[in-house]
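Me: Please take me through one part of this model closely, as I am new to it. I would like to know where the aromatic rings come together, and what surrounds them.

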Amino acid sequence: MLIDLHAHSTESDGTDTPAELVATAVAAGLDAVAITDHDTTAGWEAAERAVRELGRPGTFRLVPGAELSCASPDGRGGRVTVHLLAYLFNPSSPALVREQSRLRAERRERLHQMAHKMASDGFPIDPEAIMAGLPPDSPGGRPHLARALVAAGTVASVDEAFAQYLSSSGSYYLPRTDTPVHRAIDMISEAGGATVLAHPFAHKRGPVVNAEVVAELADHGLAGVEIDHPDHDESARAKLRELSAELDLIPTGSSDYHGTNKTIRIGQETTAPDSLERIIARCTGSKVIS
């Protein structure tokens with residue numbers, strides 16, 4: 001079985017609509033895919049409808065989820081941003097609804113401010129057009145600004161836009177206020193879901209947590225850890241496999257698919273079937289769609 005538990009749609013920073021994401025997964029031969037847009041569940045309904053319309057009961061499964069941006073101790077006296085993949089939670093949980101609404105609003109305002117800053121410096125982009133092009137419940141993010149720079153001919157690719165202008169060390173980057181990671185784990189647990197730490201040792205993305213932090217999060221209720229990810233080298237994967245076994249964390253693998261925003265293909269990294277079953281067994285907030 002081919003299972004990809006980390007993929008994004010146009011409801012956050014992917015380029016496939018939720019229905020197209022399902023179609024892409026099916027065309028790639030996947031047996032299951034998780035829709036994990038940033039800080040929103042707005043794509044769940046359309047993705048579920050696309051699965052229902054496949055007309056092949058039991059042959060494909062959709063795992064509803066989201067990716068949460070969190071602030072965490074790094075284990076060395078500082079703090080870093082980490083991402084949690086949250087699966088099969090109740091999207092109507094009041095605390096979660098409030099926090100995701102706050103995050104989406106802040107991310108949209110941040111995108112607007114970054115776009116205005118670049119336009120004021122002479123970049124040929126229209127901040128209002130960028131915002132108008134977002135789905136109503138989309139958080140918005142730097143990839144939307146990156147695509148505008150590509151469309152304007154300023155850069156050749158989204159990756160180049162990040163490398164030159166939009167990375168955390170770039171002059172146009174603005175910070176955001178992420179959810180404390182312990183609170184995020186608690187909220188998802190209270191909503192009947194399970195959390196997996198996404199790409200925790202992806203050093204190419206910037207500073208990361210150490211093994212002690214992963215162990216502390218496991219004690220706090222973290223269910224799993226994403227091991228096989230395009231941004232993990234073999235050394236990172238080996239260390240995470242050891243940690244997963246030592247801490248009894250569920251090991252997963254995922255592509256982190258974003259459509260044409262990245263060169264990664266869906267299903268490039270996959271999760272073992274028993275890992276998905278372990279995640280499902282922990283969750284009561286929502287169900288897998290098939």
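Reply: Trp44 and Phe89 are a good place to begin, since Trp44 is buried and Phe89 is buried as well (under 20% relative accessible area with a 1.4 Å probe and protein chains only, whereas exposed is over 50% and partly exposed lies in between). The model is predicted, so to speak of local features pLDDT must be at least 70 and for side-chain atom pairs 80 or more, while totals for chains, interfaces and linings use all residues. Numbering starts from 1 along each chain as its sequence is written, and side-chain values use heavy atoms, without hydrogens or water.

Across the whole structure, the search finds four aromatic pairs (ring centres of Phe, Tyr or Trp, the last by its six-membered ring, within 6.5 Å; planes under 30 degrees apart are stacked, over 60 edge-to-face, the rest tilted). The pair of Trp44 and Phe89 is tilted, because its ring centres are 5.2 Å apart and its planes stand at 50°. The two partners come from distant parts of the chain, for Trp44 belongs to helix H2 (residues 44–52), while Phe89 sits in the loop between strand E4 (79–87) and helix H3 (94–120), 45 residues apart (helices, H or I with at least four residues, and strands, E with at least two, are DSSP runs numbered from the N terminus).

Another pair is made by Phe123 and Tyr172, and here the arrangement is edge-to-face, with 5.5 Å from centre to centre and 85° between the planes. Phe123 lies in the loop between H3 and helix H4 (127–132), and Tyr172 lies in the loop between helix H6 (158–166) and strand E5 (179–180), so this pair ties together parts that are 49 residues apart in sequence. Phe123 and Tyr172 are both buried, and together with Tyr165 they form one aromatic cluster.

Tyr165 leads on to the helices around the cluster, because its name also appears in the meeting of H5 with H6. On the H5 side, Arg142, Pro143, Leu145, Ala146, Arg147, Leu149 and Val150 take part, and on the H6 side they meet Val158, Ala161, Phe162, Tyr165 and Leu166 (contact is heavy atoms within 4.5 Å). By class, this contact of H5 with H6 has ten nonpolar residues, no polar ones and two charged ones (Ala, Val, Leu, Ile, Met, Phe, Trp, Tyr, Cys and Pro are nonpolar, Asp, Glu, Lys and Arg charged, the others, Gly among them, polar).

Arg142, Leu145 and Leu149 of H5 also meet residues of H3, as does His144, and their partners there are Arg110, Leu111, Met114, Ala115 and Met118. The residues of the contact of H3 with H5 are six nonpolar, one polar and two charged.

Returning to H2, the helix that holds Trp44, one finds that Ala46, Ala47, Ala50 and Val51 meet Pro18, Ala19 and Val22 of H1. The contact of H1 with H2 divides into seven nonpolar residues, with no polar and no charged ones.

A last point to look at is Ala184, which is found in helix H7 (residues 181–190). At 1% relative accessibility, Ala184 counts as buried. Beyond its neighbours within four places in sequence, Ala184 touches Leu68, Cys70, Leu84 and Thr179. Leu68 is 116 residues from Ala184 in sequence, yet the two C-alpha atoms are 7.7 Å apart in space.
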